[in-house]
Amino acid sequence: MSRRLADVAKKVGVSEATVSRVLNGKPGVSQGTRDAVLTALDVLGYERPTKLRGSRGKLVGLVLPELVNPIFPAFAEVIGGALAQQGYTPVLCTRTAGGVTEAEYIDLLLQQQVSGVIFAGGFYAEREADHSHYRRLEDLGLPVVLMNASIEDLGFPRVATDDLVAIEQAMGHVASLGHQRIGLLLGPADHVPSERKLAAARRFAERHDLALDADLVVHSQYSLESGQAAANRLIERGATAIVCASDPLALGAIRAVRRVGLSCPADVSVVGFDDSALMNSTDPALTTVRQPIEPMGRAAVDLLAALIDGSDVPRDELLFEPELVVRASTAAAKVVTNR
């Protein structure tokens, strides 16, 4: 009990005596402080006193695959703010290597009696992953909203960036600069957004008489280091432009270009995807396809709130159009002259 008081008091910035008054239902504590103490109990994983459990239903789980890629903290900030505006408190759950799994987080969230869950990335986008914990949420009827594309047979509302438009923008940009050998640096082969990007790229290449050979498509884990290793293969195969499925992959591609003694964009142009934090401050500043984070996050919260209220919401995927942001990592293809 004393440890619980100390932990909650430290998190809220009040005395242990104030926490004790809240837990025992005593007067003399402002409503704001009372709410902050109860929220801290939930976030730290402590059980509320029985008489205070009725208000726990304002908790919403926010499950992220990682925090290394800055796009996920950006989504968390928007979604957390939108939830707070509607009177909900987000409980942030982030997977780490060797840490708590997504399925284990679901167990924890159900123990906390959350009103619903928003997934901003997760195993629902991977065909070969275990999806049994999502089936469990379906069976329970818990309100759930998914951010980004997912496998087809999950019945949750989805909010996603239109991958077809993203590829049209990225490949259209480098093709307009004269690039003919355009490489694709995608996520894992069973990752639904990467599947969509690949299908869109093949259609684009066919319409514009571009060669999109199998050797110009590589798959990678979503990390800078994996992106660098995969981009090396594209550079070796003569790609003069590389379109990437995330900004960290694009930064890995730029590093690969430099490690072999070439220049970006003079020798190889690179396009990212997300327009996450600080991409305008990299060297060179990254040309990328911007996800509309703010409207997507707010739409996800609106859908979840409607589900919690018992309203019918469309189960179709809600697609948002991205925006190409041209910076310094792309340039005209070199003109090869015969001597």
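This is a walk through the helix packing, the enclosed and open spaces, and a few backbone details of a predicted model.

Let us start with the helices. Two packed helices are described by the angle between their axes and the distance between the axes. With that in mind, look at helix H4, residues 71-85, and helix H11, residues 293-308: they pack at an angle of about 45°, and their axes are 9 Å apart. That angle makes H4 oblique to H11. The crossing of H4 and H11 is right-handed. If you would like to display the side chains at this interface, H4 brings Ile71, Ala74, Phe75, Val78, Ile79, Ala82, Leu83 and Gln85, while H11 answers with Ile293, Glu294, Met296, Gly297, Arg298 and Val301. Sorted by class, the contact of H4 with H11 has 10 nonpolar, two polar and two charged residues.

Next, turn to H7 and H8. The axes of H7 and H8 cross at roughly 45° and come within 8 Å. H7 and H8 are therefore oblique to each other, and H7 passes H8 in a right-handed crossing. On the H7 side the contact is made by Asp163, Leu164, Ile167, Glu168, Met171, Gly172 and Ala175, and on the H8 side by Pro193, Arg196, Lys197, Ala200, Ala201, Arg203, Phe204 and Arg207. The class split for the contact of H7 with H8 is eight nonpolar, one polar and six charged residues.

A third pair has another kind of geometry to show you. Helix H5 (residues 102-111) and helix H6 (residues 132-140) have axes that come within 9 Å and cross at roughly 25°. An angle under 35 degrees counts as roughly parallel, and H5 and H6 are therefore roughly parallel to each other. Here Glu102, Ala103, Ile106, Asp107 and Leu110 of H5 meet His133, Tyr134, Arg136, Leu137 and Leu140 of H6. Six nonpolar residues, one polar residue and three charged residues make up the contact of H5 with H6.

While H7 is still in view, pick out valine 165, which lies in this helix. Which residues does valine 165 touch, leaving aside its neighbours within four places in sequence? Its contacts are Glu321 and Pro322. For a sense of scale, valine 165 and leucine 92 are 73 residues apart in sequence and 31 Å apart in space, C-alpha to C-alpha.

Now for the spaces inside the fold. How many cavities of 30 Å³ or more does a search of the whole structure find? The search finds one, and the largest cavity holds about 40 Å³ of space. Its lining consists of Ala166, Ile167, Ala170, Lys197, Val243, Cys244, Gly272, Phe273 and Val289. Helix H7 (163-176), strand S8 (241-244) and strand S9 (269-274) each supply at least two residues of this lining, with H7 giving the largest share, three residues. By class, the cavity lining has seven nonpolar residues, one polar and one charged. Two names here may look familiar: Ile167 and Lys197 line the cavity, and they also take part in the contact of H7 and H8.

The pockets come next. The largest pocket contains about 790 Å³ of space and is lined by 37 residues, with Pro65, Glu66, Asn69, Phe72 and Tyr222 lying nearest its centre. H4, helix H8 (192-207), helix H9 (224-236), helix H10 (247-259) and S9 each supply at least two residues of its lining. The largest share, three residues, comes from H4. The lining of the largest pocket divides into 20 nonpolar, 10 polar and seven charged residues.

The second largest pocket has about 210 Å³ of space. Of its 15 lining residues, Ala239, Thr240, Asp267, Ala333 and Lys334 lie nearest the centre. Eight nonpolar, four polar and three charged residues form this lining.

Finally, check a few backbone torsions in the loops. The peptide bond from cysteine 264 to proline 265 is cis, with omega near 15°, and proline 265 sits in the loop between H10 and S9. Another cis peptide bond joins aspartate 283 and proline 284, with omega about 0°; proline 284 lies in the loop between S9 and strand S10 (287-290). Aspartate 275, in the loop between S9 and S10, has a positive phi of about 55° although it is not a glycine.

Technical notes. Residues are numbered from 1 along each chain as its sequence is written. This is a predicted model: local features need pLDDT of at least 70, side-chain atom pairs count only at pLDDT 80 or more; totals for chains, interfaces and linings use all residues. Side-chain values use heavy atoms; hydrogens and water are left out. Axes are lines fitted to C-alpha atoms, for helices over the stretch in contact, and angles run from 0 to 180 degrees between N-to-C directions. Helices (H or I, at least four residues) and strands (E, at least two) are DSSP runs, numbered from the N terminus. Angles under 35 degrees count as roughly parallel, over 145 as roughly antiparallel, 65 to 115 as roughly perpendicular and the rest as oblique. A crossing is left-handed if the near helix is turned anticlockwise from the far one by less than a right angle, and right-handed if clockwise. Contact means heavy atoms within 4.5 Å. Ala, Val, Leu, Ile, Met, Phe, Trp, Tyr, Cys and Pro count as nonpolar, Asp, Glu, Lys and Arg as charged, and the others, Gly among them, as polar. On a 1 Å grid over the protein atoms alone, a cavity is a set of points where a 1.4 Å probe fits but cannot get out, and a pocket is an open set with protein on both sides within 12 Å along at least five of seven lines; lining residues have an atom within 4 Å of a point. Grid points are joined across faces, edges and corners, and a volume is the space filled by probe spheres set on the points.
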